[in-house]
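The exercises below are meant to be worked with the sequence and the coordinates side by side. Try each task before reading its solution.

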Amino acid sequence: MRSVLLLGGGRDAVGIARRIKEMGLGLWIVDQDRQASALGLADRVYPVSCYDARAVLEAVQEAPGAVLCGGTDAPHVQAAVAARWELVGPSERTAGLSRDKLAQLQCFHETGIAVPRWSLGTGSELGAEWLVVKPVDSQGARGVSRVRPDKVQSAIEDAIWSSPSHRYIVEEWGDGVQLSTESLVQDGEVLWTAFAERNYSRLAEFAPRVIEDGSDMPPVLQRSHDRDFEEECAHVLQSCVEAIGLRSG
């Protein structure tokens, strides 16, 4: 029986784990938390960090049939496992650009994709009314702040503390609707699974954090405008996929 190696067994992995079992596949989970939510579904458990590529490669001695991230931001480990066992997955370069926000911005900028202006200093040269300060390599909203220029220093310290590599980036904040997709990429082509409008209406309440409070599907924007935002987003996403060299994932 072919087995899927799932990197992470937390709450976000439970639905994925169940689907793998429903497909009649074996389930191997990598998670150092012995109480992780999805471990009860696993055929094998590797109790090491799913973010430590060396530890995972040392622990997994038999080839899985596939490797997936289970609600975790570990594409570098996925890439390492895929390379070792010749599985479908991101390349080392693609995984690196997926995790490093600064390298990703530079890559997009160099390939002509519109990105916010950014700074590796205090952002004063950007002349923006609001700034977003974020760790270069953390996850979700950890260490991400939206602040006025006179509050940027404390936000930088928080971002550095939240960054595994102790690096941060300052971006200009752009007002407007935020659209989000959940997509798969197969043979270099974006396949759509969801298209939503993110809700950030409670920024003042959560300040200085930038926290999404749910989303609307289909987007309110899509229902109230003649423009085909889905088509425009598809074009931008395809350009991003090609820029980072993602073939399947």
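## Exercise 1: a valine and its core

V56 is in contact with L7, V30, V48, S49, C50, V77 and V81, once its neighbours within four places in sequence are left aside. The model is a predicted one, and the exercises that follow should be read with that in mind.

Task: Starting from V56, describe the largest nonpolar core and say which elements give two or more residues to it.

Solution. Step one is to place V56 among the residues with the most contacts inside the largest nonpolar core, which are L5, L7, V30, V56, V67 and V81, in a core of 14 residues. Step two is to look for the elements that give two or more residues to this core, and these are β1 (3–7), β2 (26–30) and α3 (75–85). Step three is to find the largest share, which is three residues and comes from α3. A second core, separate from this one, has twelve residues, including L6, L27, I29 and L39.

## Exercise 2: the two sides of α1

Task: Determine which residues of helix α1 are buried and which are exposed on the other side, and explain how the buried ones are arranged around the axis.

Solution. First, list the buried residues of α1 (residues 14–22), namely V14, A17 and I20. Second, look down the axis of α1: because its buried residues fall within an arc of 125°, they line one face of the helix. The spacing agrees with a general rule: an α-helix has 3.6 residues a turn, so residues three or four places apart point the same way. Third, turn to the other side of α1, where R18 and E22 are exposed. Fourth, ask what covers the buried residues of α1; the cover includes β1 and β2. Finally, α1 is followed by G24, whose phi is positive, near 80°.

## Exercise 3: α4 and its partners

Task: Characterise the crossing of α4 and α5, and then identify what the buried residues of α4 pack against.

Solution. Begin with the geometry: the axes of α4 (residues 92–99) and α5 (residues 101–110) come within 5 Å and cross at roughly 105°. Since angles of 65 to 115 degrees count as roughly perpendicular, α4 and α5 are therefore roughly perpendicular to each other. Next, name the residues that meet, which are R93, L97, S98 and R99 in α4 and K101, A103, Q104 and C107 in α5. Sorted by class, this contact of α4 with α5 has three nonpolar, two polar and three charged residues.

The last step concerns the buried residues of α4, among them T94, A95 and L97. Seen down the axis of α4, its buried residues fall within an arc of 165°, so they line one face of the helix. These buried residues of α4 pack against α3, α5 and α9 (229–244).

## Exercise 4: two loop residues compared

Task: For A128 and for D187, decide whether the residue is buried or exposed, and give its contacts beyond the sequence neighbourhood.

Solution. A128 is found in the loop between β5 (118–119) and β6 (131–135), and because its relative accessibility is 15%, A128 counts as buried. With neighbours within four places in sequence left aside, A128 is in contact with P149 and E172. The C-alpha atoms of A128 and P149 are 7.7 Å apart in space, although the two residues are 21 residues apart in sequence.

D187 lies in the loop between β9 (179–186) and β10 (189–198), and because its relative accessibility is 55%, D187 counts as exposed. D187 touches R247 and S248, not counting residues up to four places away in sequence. D187 and D158, by contrast, are 29 residues apart in sequence and 39 Å apart in space, C-alpha to C-alpha.

## Exercise 5: backbone geometry

Task: Examine the backbone of D187, H166 and P208, and state where H166 and P208 are placed.

Solution. As a baseline, most residues other than glycine have a negative phi, and most peptide bonds are trans. D187 has a positive phi, near 55°, and H166 has a positive phi near 60°. H166 is in the loop between α6 (152–162) and β8 (168–172), and at 55% relative accessibility H166 counts as exposed. Turning to the peptide bond, A207 and P208 are joined by a cis peptide bond with omega about 5°, and P208 is placed in the loop between α7 (203–206) and β11 (215–216).

How values were computed: Residues are numbered from 1 along each chain as its sequence is written. This is a predicted model: local features need pLDDT of at least 70, side-chain atom pairs count only at pLDDT 80 or more; totals for chains, interfaces and linings use all residues. Side-chain values use heavy atoms; hydrogens and water are left out. A nonpolar core is a set of buried Ala, Val, Leu, Ile, Met, Phe, Trp, Tyr and Cys residues joined through side-chain atoms within 4.5 Å. Buried means under 20% relative accessible area, exposed over 50%, partly exposed in between (1.4 Å probe, protein chains only). Helices (H or I, at least four residues) and strands (E, at least two) are DSSP runs, numbered from the N terminus. Contact means heavy atoms within 4.5 Å. The arc is that of the directions from the helix axis to the C-beta atoms. Axes are lines fitted to C-alpha atoms, for helices over the stretch in contact, and angles run from 0 to 180 degrees between N-to-C directions. Angles under 35 degrees count as roughly parallel, over 145 as roughly antiparallel, 65 to 115 as roughly perpendicular and the rest as oblique. Ala, Val, Leu, Ile, Met, Phe, Trp, Tyr, Cys and Pro count as nonpolar, Asp, Glu, Lys and Arg as charged, and the others, Gly among them, as polar.
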